[in-house]
Amino acid sequence: MTAPGSRPHLLLVTPLPPSLRERLHRHFVLHDDAALAHDQRMALAGQVRAMLCNAQSVVSQTQMQQLPALEMISVIGVGMDGIDLDAAAAQGIAVRNTPEVSTEDIADHTLALLLAATRQIVQAHRFVQQGQWLQGRHPPSMRFSGRRMGIVGLGRIGSAVARRAQAFDMSIAYTGRVPKSNVAYRWYDSVLELAAAVDFLVVCASGGAATQGLVDAQVLQALGPQGVLVNIGRGSIVDEVALLQALQSRTIAAAALDVFAHEPQVPEALRNLPNIVLTPHMASSTVQGLQAMLVQAEAQLLEHFGLLETAG
């Protein structure tokens, strides 16, 4: 264990499993942000050298300025939308996340959502559960294999989704900031053009001002009455009001969402639609994936403070 007097102070902005808390306690003085009263937080402000957050955490410029000794923000997860990265850079604060370890889990979940939406798995489950099969057969669902998939954001996750879709004989197209020279998939200059050319539109892009409301009413109209939207990127990318209207009017056939505009609040009208599949921002949430993210975040903290050798 690192000597008590030399242990950096670490502010925990996310719950941790006991095993990780115990390991971190050997090298850091731990403070649970949610348990601190205002005066306690003010007294600690000059001592906190690192923060451990999750992908939904918000750390503003004001918060950073209130922690003058802050050197590092470690994010357990991929998303860093809630972290003011410009303010962190200006203050010389390192920001690290754990993007690689959850890629495959998120891609798996994306295909599961799309399969559930097209083959009406949730609706069919309820159909059997509620005894409706006794009155007749469930209506036909949509074909999944051999269709056209459009991916918004062909990064790590989008590429992993594309690989899986190819196993189902799908043709792949994508859009993004620039075309990629190392892929054979067709590139479209805009989301609107992509939506008009595919059956399934899968949003894998990052959040932020550049993608705010990118999938709007016009894009959904272009996707069409046989189209299916999947969003595992960020809720801010899809105009939620326009999506609700498109689903109600059958402008598109169905949608499957893991992310929402104002999580964990999901509009009741959206929740009650028959042609939607919803999951609670859990695409990366597997036991194995979470463990890998925790291990990586721990290693990043130890590395930043030169504690890897003492940890070993």
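Which strands does helix α1 (residues 18-25) lie across? The legends below work up to that and beyond. This is a predicted model, in which local features need pLDDT of at least 70 and side-chain atom pairs count only at pLDDT 80 or more, while totals for chains, interfaces and linings use all residues. Residues are numbered from 1 along each chain as its sequence is written, and side-chain values use heavy atoms, with hydrogens and water left out.

**View 1. The whole chain, for orientation.** The protein chain holds 13 helices and twelve strands; both are DSSP runs numbered from the N terminus, helices being H or I over at least four residues and strands E over at least two. Its C-alpha trace spans about 70 × 50 × 35 Å along the principal axes. Of the 312 residues, 46% are buried, where buried means under 20% relative accessible area with a 1.4 Å probe, counting protein chains only (exposed is over 50%, partly exposed in between). The accessible surface comes to about 15,700 Å², and carbon and sulfur atoms own 53% of that; areas come from the Shrake-Rupley method with a 1.4 Å probe. Take the contacts with a separation of 6 or more: 57% of them join residues 24 or more positions apart, a contact being heavy atoms within 4.5 Å.

**View 2. The five-stranded sheet and helix α1.** Here five strands make an open, parallel sheet in the order β2-β1-β3-β4-β5. Two strands count as paired if DSSP finds at least two bridges between them. β2 (29-32) and β5 (94-96) are the edge strands, each pairing on one side only. Neighbours in this sheet are turned by 20 degrees against each other on average, direction ignored. Zoom in on β1 (residues 9-12) and β3 (residues 48-54) and you find four bridges joining these parallel strands, with H9 opposite V48 in β3. As for the opening question, α1 lies across β1, β2 and β3, running at about 135 degrees to β2. Angles like this one run from 0 to 180 degrees between N-to-C directions, with axes fitted to C-alpha atoms, for helices over the stretch in contact.

**View 3. Helix α12 on the five-stranded sheet.** Helix α12 (residues 287-304) lies across β1, β3, β4 (72-76) and β5, at about 170 degrees to β4. With 18 residues, α12 reaches 26 Å from its first C-alpha to its last, close to the 26 Å expected at 1.5 Å a residue; that expected span is 1.5 Å times one less than the number of residues. Among the buried residues of α12 are M293, L294, L301 and L302, and E298 and Q300 are also on that list. After the helix comes G306, with a positive phi near 65 degrees.

**View 4. The seven-stranded sheet, edge to edge.** Seven strands run in the order β8-β7-β6-β9-β10-β11-β12, again an open sheet with parallel pairing. β8 (186-188) and β12 (276-278) stand at the edges with a single partner strand each, so one side of each has no neighbour in the sheet. The average turn between neighbouring strands in this sheet is 15 degrees, direction ignored.

**View 5. β6 and its two partners.** Four of the five residues of β6 are buried, leaving the strand mostly covered. Five bridges tie β6 to β7 in parallel, and four bridges pair β6 with β9, also in the parallel sense. M149 is a handy landmark: M149 stands opposite I172 in β7 and opposite F200 in β9. Further along, V152 stands opposite V203 in β9. Helix α7 (residues 156-166) lies across β6 (148-152), β7 (171-175) and β9 (200-203), at about 175 degrees to β6. Together β6, α7 and β7 make a right-handed β-α-β unit; right-handed here means that, with the strands pointing away from the viewer, the path from the first strand over the helix to the second runs clockwise.

**View 6. From β9 across to β11.** On β9, F200 and V202 point one way and L201 and V203 the other, all of them buried. β9 pairs with β10 over four parallel bridges, and V202 stands opposite V230 in β10. β9, helix α9 (residues 217-223) and β10 form a right-handed β-α-β unit. On to the next pair: β10 (residues 228-231) and β11 (residues 254-257) share four bridges, in the parallel sense, and V230 has A256 as its bridge partner in β11. Helix α10 (residues 240-248) lies across β10, β11 and β12, at about 140 degrees to β11.
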